[in-house]
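Good morning, and thank you for coming. Please take a moment with the sequence and the structure before I begin.

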Amino acid sequence: MKIVVLIKQVPDTNEVRLDKTTGTLIREGVPSIINPEDKNALEEALKLKESMGAEVWVVSMGPPQADDALREALAMGADQAVLLTDRAFAGADTWATATTLGIALKKMADYDLVLAGRQAIDGDTAQVGPQVAEYLKIPQITYVREFSVEDGRVKAKRALEDGFEEIDAQMPALLTITKEANKPRFPHAAAIMTAYRGQEVSCWTAADIGADPETVGLKGSPTQVKRSFTPPPKEPGQIIQRPPADAARDLVAILRDKNIV
Amino acid sequence: MDFTFSKEHQLLRRMIREFAETEVAPVAEEIDRDERVPFETIRKAAKIGLMGIPFPQKYGGAGAGEIGYCILMEELNKICGSTATIVGAHTGIGAMAIYLDGTEEQKQKYLVPLARGEKIAAFALTEPNAGSDAAAIQTRAVRDGDEFVLNGSKVWITNGDIADVVSVLAVTDPALGARGGVTAFIVEKEFPGFVVGRKEEKLGIRGSSTAELFFEDCRVPAENVLGGFGLGFLTFMKTLDVGRISLAAGCLGAADKALEMSMEFAKSRYQFGAPIAAKQAIQWMIADMAIEVEALRSLVYRTAWMLDEGQTGREFSTMAAMCKVYGSEVACRAADTAVQVHGGMGYMKKYPIERMYRDARITRIFEGTNEIQREIIARNLFRRVGLKIR
């Protein structure tokens, strides 16, 4: 079995700060990490590798420094790492990103399972996984908390807002994994050293994967960021500390004043 | 000149920091209070290769060198002095002696399981009548056929009661003294006549165990002579040289953490309507701590780099001794200042500053007192100008 895990390198913060004038992310001084739920996806792949044997590939589209995220994945136990990096890929929205990843996956051809994190902490779109599945025309199961593989089929439990859904799909299939699925392992110290000193990350350019420059990067992006901004903070609440009857009267008066009642 | 850590060392640090925060921190207060060795933490650390960080991968280590090992000790000691002490006695001196001077067979037999953390090591030098005067040890080893018979006792041995393998120094020829008359041995806890004595109660690093060891006609195979017959003193001194860098790296972690916590506290503690960080008295304390922390960081990692580059002569010895003195004194000063910045809160058991203050104190004493280190430094310096001090 060959499992491909899609990972994204993100700034290590849940509160991404924006440059007020340019509207872009401030990355200086913020260390980069593997997107947390992508690590959960990788952990699922590594568990399958241990339980039933599998070759685990990690693939990322990003700038050259995304190499570090892929090395960390190798240190955790991935077998092969591919970095899709090319100036032509820059400025991609989720669809152009999914297209690029999809073209690379088609090149790999013989995958049985594609795993991705539910969403990235810097964009929160949760779109790339599903879009890759659409591009490849393979079944997709999102928000997966647990799953099993048997006889060429995958059986997964999806976490919905009000319960769970069990879905059975034919492989190859793409699953997006939630953080509740597992606790990702620590890489072994020796594996960290080997990931940098004895293993390779393959770099594939647009030409390498035969991508039409019109379909990837900024040019291949149907959506464009018009403006990014930090919403103004919520005004602090007000506590009315009076006997209940008086407090109720005050509250109604305030609500009337604000035309709420 | 390049002062940046390699990418692999950066990732190693991030992994160790996360491990320390998620696996070590939750029990740090409890193991100190109950004087309990955190075996579960040691097992988890072993599983991800943290018990053999500096040793080559062919001996079961991580192959991260002395720099990698210093990163481990720095990050661990930020969180828990006891856990760092257990790892330090195991890796930095116990197993290190075998790595530095063991034969290939000894490394395969002992170093590999130690580096993997399947077994625990200790280093036994100090005796009731021989501490700083290491050459005055009285534990005797007498040859009997294919074995040596050891008699004597060791005191204050970190990991003494939990170790599977102990590097032990004993006198083999009293007439020759330290140069030629002392031999190092690898002793397994199962060897007949190896007896663990009392476990000590301590001021700090209480989650690590410190015990007496007795050798009562303890029979050690001759093949377990470590580093050559009569050359044990050299093996032990060489091991201590190396151990001193990582000890100082631990001190760096403790001092850096004391600084970080003091800044955090000074920022959030309001007196006279403003954070106490606005007071010059506090600012100067913080600035002084930061200066010492950065000076120590440079000293520690430069010396670790020297070792990784194979520069192990007298210059290195001098630097290692400087690391030990400066590191321990910076750690103690930083802990003391941190208590002062925290005021009453720094004195209460409820907060980790109190524990850090107690844990720091031992570093000026063990692995060679600072007084002995200053002697080593001065002696080496005078040698450069042609004066040999005995």
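The buried residues of helix H4 of chain A pack against five elements of that chain: strand E1 (2-6), helix H3 (94-108), strand E6 (113-117), strand E7 (140-150) and strand E10 (173-177). I should say at once that this is a predicted model. Helix H4 of chain A covers residues 128-136. Its buried residues are Val128(A), Gly129(A), Gln131(A), Val132(A), Ala133(A) and Leu136(A). Directly after H4(A) comes Lys137(A), with a positive phi near 55 degrees.

On the other side of this helix, in the loop between E6 and H4 of chain A, we find Asp124(A). Asp124(A) is not a glycine, yet its phi is positive, near 60 degrees. Is Asp124(A) buried or exposed? With 10 C-beta neighbours inside 10 Å, Asp124(A) counts as exposed.

A further backbone feature concerns strand E10, one of the partners of H4(A). The loop between strand E9 (163-170) and E10 of chain A contains Pro172(A). The peptide bond between Met171(A) and Pro172(A) is cis, with omega about 0 degrees.

Let me place these details within chain A as a whole. Chain A holds seven helices and eleven strands. Its C-alpha atoms fill a box of roughly 70 × 45 × 40 Å along the principal axes. Chain A has 261 residues, of which 41% count as buried. Among contacts in chain A with a separation of 6 or more, 69% join residues 24 or more positions apart.

I turn now to the nonpolar core. The largest one has 190 residues. Which residues have the most contacts inside it? They are Val5(A), Ala73(A), Phe185(B), Ala255(B) and Ala335(B). The largest share of this core comes from helix H6 (residues 232-268) of chain B, which supplies 16 residues. As for Val5(A), if we set aside residues up to four places away in sequence, it touches Ala41(A), Leu42(A), Ala45(A), Val56(A), Trp57(A), Val58(A) and Leu115(A).

Next, the contact between the two chains. Chain A contributes twelve residues and chain B contributes 14 residues. On the side of chain A that touches chain B, helix H2 (67-76) and helix H5 (189-197) each supply at least two residues. H5(A) gives the most, with six residues. By class, this side of chain A consists of eight nonpolar residues, one polar residue and three charged residues.

How is H5(A) set against its neighbour in chain B? Two packed helices are described by the angle between their axes and the distance between the axes. The axes of H5(A) and helix H1 (residues 7-34) of chain B come within 9 Å and cross at roughly 155 degrees. H5(A) is therefore roughly antiparallel to H1(B). Their crossing is right-handed. From H5(A), the residues that meet H1(B) are Ala189(A), Ile192(A), Met193(A), Tyr196(A) and Arg197(A). Their counterparts in H1(B) are Lys7(B), Glu8(B), Leu11(B), Leu12(B) and Met15(B). Seven residues of this contact are nonpolar, none is polar and three are charged.

A second helix pair lies within chain B and involves H6(B), the helix just mentioned for its share of the core. The axes of helix H3 (residues 65-79) of chain B and H6(B) come within 7 Å, crossing at roughly 40 degrees. At what orientation does that leave H3(B) and H6(B)? They are therefore oblique to each other. H3(B) passes H6(B) in a right-handed crossing. Residues of H3(B) in this contact include Tyr69(B), Cys70(B), Met73(B) and Leu76(B). Among those of H6(B) are Ile245(B), Ala249(B), Leu252(B) and Gly253(B). The contact of H3(B) with H6(B) has eight nonpolar, four polar and six charged residues.

One last residue in chain B deserves mention. Trp156(B) is not a glycine, but it has a positive phi of about 55 degrees. Trp156(B) lies in strand E3 (residues 147-158) of chain B. With 20 C-beta neighbours inside 10 Å, Trp156(B) counts as buried.

To close, I would recall two points. The buried residues of H4(A) pack against helix H3 and strands of chain A, including E1 and E10. At the contact between the chains, H5(A) gives the most residues to the side of chain A that touches chain B. Thank you for your attention.

Methods:
Residues are numbered from 1 along each chain as its sequence is written. Chains are lettered from A and ligands numbered from 1 in the order in which they are written. This is a predicted model: local features need pLDDT of at least 70, side-chain atom pairs count only at pLDDT 80 or more; totals for chains, interfaces and linings use all residues. Two residues are in contact if their C-beta atoms, placed from the backbone, lie within 7 Å. Helices (H or I, at least four residues) and strands (E, at least two) are DSSP runs, numbered from the N terminus. Ala, Val, Leu, Ile, Met, Phe, Trp, Tyr, Cys and Pro count as nonpolar, Asp, Glu, Lys and Arg as charged, and the others, Gly among them, as polar. Axes are lines fitted to C-alpha atoms, for helices over the stretch in contact, and angles run from 0 to 180 degrees between N-to-C directions. Angles under 35 degrees count as roughly parallel, over 145 as roughly antiparallel, 65 to 115 as roughly perpendicular and the rest as oblique. A crossing is left-handed if the near helix is turned anticlockwise from the far one by less than a right angle, and right-handed if clockwise. A residue is buried if 20 or more other C-beta atoms lie within 10 Å of its own, exposed if 12 or fewer, and partly exposed in between; C-beta atoms are placed from the backbone. A nonpolar core is a set of buried Ala, Val, Leu, Ile, Met, Phe, Trp, Tyr and Cys residues joined through C-beta atoms within 7 Å.
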